[in-house]
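Student: Please give a close account of one part of this model, and then place that part in its surroundings. I should like the answer as one connected description.

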Amino acid sequence: MKLSAAALFAGAVAAFAAPGAYAQTETLTVAAAPSLKAVFQHIVPMFEKEYGAAVRVEYGPSQTQRRRIEGGAPIDLFLPASVEELRKLQDKGLVLSGKPRVYAETSLVLVMSAASSALAVSFSDVLPNGSVRIALGDPTTSALGDITARVFAKFDPSYRKHARLTYGPHGGEVVDLIRTGKADVGVLYRVDAINNGGVRIIDEIPTGTYAPVQFAGAVVSTCRPESLQIAAKFLDFVTSPRIQKLMIQYGFDPVLSHAVTG
């Protein structure tokens, strides 16, 4: 009989449940969205101290990271900036820990340079205005770009025909395009805008209004057997109430449930 990936994962974790099983010589490898970098500078050392395990975090655009996992890259735990990236892996049988677990949310915001003296504009203003240069995440590489494209399409299905768009592979590049004067405004996750002193928020789409921006995690099929238990523990750690409070301090929105349906 063919066992499900979740059943195999549960069995493997149980097999490593003996006292002292957390100790390992290999480093836990986590692929994470760049938006997590600020808070992870606090979270990762806490986890390493409590569990005695070394953690290496590889930050990068979520779609790019997901494709790396599909290609067999040695990644134990995936924490993208969109639950959709995990659902795509789940549909291919590449998630071991069951349904993705959502642990934080944010919203999309329109930003401009903090040093700019220009008047603030709204989402609905910039799309039909062909004179405003808009920096967006690349929808082919980043979850930010994919979600932004879906939100803009709901505002205006033909926005690509008349809006002046320029793309960056991730949120940091969007900020750079604004900072260097190559764009007048840009779209970021609110949590990224809060943690970047170079831009200021001028408009916001509330969480879940058009496309929920949910940060989720799962142990993936490329996880090494010796890392299964500690990967599961890191996911439990990130979704625990005390870490949830820390995430909120860094600008993330709380979620009511970690379980994802569908």
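Tutor: Two strands are taken to pair if DSSP finds at least two bridges between them. The model is a predicted one, and the pairing of strand β5 with strand β8 is a suitable place to begin. β5 covers residues 108-113 and β8 covers residues 185-189; the two run antiparallel and are joined by 5 bridges. Within this pairing, Val 109 of β5 faces Leu 188 in β8. Strands of a sheet pair through backbone hydrogen bonds, in either a parallel or an antiparallel sense.

The pair belongs to an open sheet of 5 strands with mixed pairing, in the order β7-β6-β8-β5-β9. Its edges are formed by β7 (164-168) and β9 (199-205), each of which pairs on one side only. From one strand to its neighbour, the average turn is 30 degrees, with direction ignored.

Two helices pack on this sheet. Helix α6 (residues 143-155) touches β5, β6 (133-137), β8 and β9, and its direction makes about 115 degrees with that of β8. Helix α8 (residues 171-179) touches β5, β6, β7, β8 and β9, and its direction makes about 155 degrees with that of β8.

These elements also take part in the largest pocket, whose volume is about 370 Å³. At least two lining residues come from each of α2 (37-51), α6, α8, β8 and α9 (190-194). Helix α8 gives the most, with 3 residues. The lining comprises 21 residues in total, and those that lie nearest the centre of the pocket are Pro 34, Ser 35, Gly 171, Gly 172 and Asp 192. By class, 11 of the lining residues are nonpolar, 8 are polar and 2 are charged.

There is also enclosed space to consider. The structure holds 1 cavity of 30 Å³ or more, and the largest cavity has a volume of about 40 Å³. It is lined by 12 residues, of which Leu 108, Ile 205, Pro 206, Ala 211 and Val 213 are the closest to its centre. The lining of this cavity has 7 nonpolar and 5 polar residues, and no charged ones.

Val 213 leads to a second sheet, since strand β10 spans residues 213-219 and pairs with β4 in the antiparallel sense over 5 bridges. In that pairing, Ala 104 stands opposite Phe 215 in β10. The sheet itself is open, has 5 strands in the order β2-β1-β3-β10-β4, and is mixed in its pairing. β2 (55-59) and β4 (101-106) each have a single partner strand, so one side of each is left without a neighbour in the sheet. Here the twist averages 20 degrees from one strand to the next.

Helix α2, which contributes to the pocket lining, lies across β1 (28-32), β2 and β3 (77-79) and runs at about 165 degrees to β2. Helix α3 packs on the sheet as well, touching β1, β2 and β3, with its direction at about 160 degrees to that of β3. Arg 66 is located in α3, which spans residues 62-70. Its relative accessibility is 8%, and because buried means under 20%, Arg 66 counts as buried. Leaving aside residues up to four places away in sequence, Arg 66 touches Phe 78, Glu 85, Lys 88 and Leu 89.

Technical notes:
Residues numbered from 1 in each chain as written. Predicted model: local features only at pLDDT ≥ 70, side-chain atom pairs only at ≥ 80, totals over all residues. Heavy atoms only, no water. Helix = DSSP H or I, 4+ residues; strand = E, 2+ residues; numbered from the N terminus. Buried < 20%, exposed > 50% of the residue type's maximum accessible area, 1.4 Å probe, protein only. Contact = heavy atoms within 4.5 Å. Axes fitted to C-alpha atoms, helices over the stretch in contact; angles between N-to-C directions. 1 Å grid on protein atoms, 1.4 Å probe; cavity = no way out; pocket = protein on both sides within 12 Å on 5 of 7 lines; lining within 4 Å. Points joined across faces, edges and corners; volume = space filled by probe spheres on them. Nonpolar A, V, L, I, M, F, W, Y, C, P; charged D, E, K, R; others polar.
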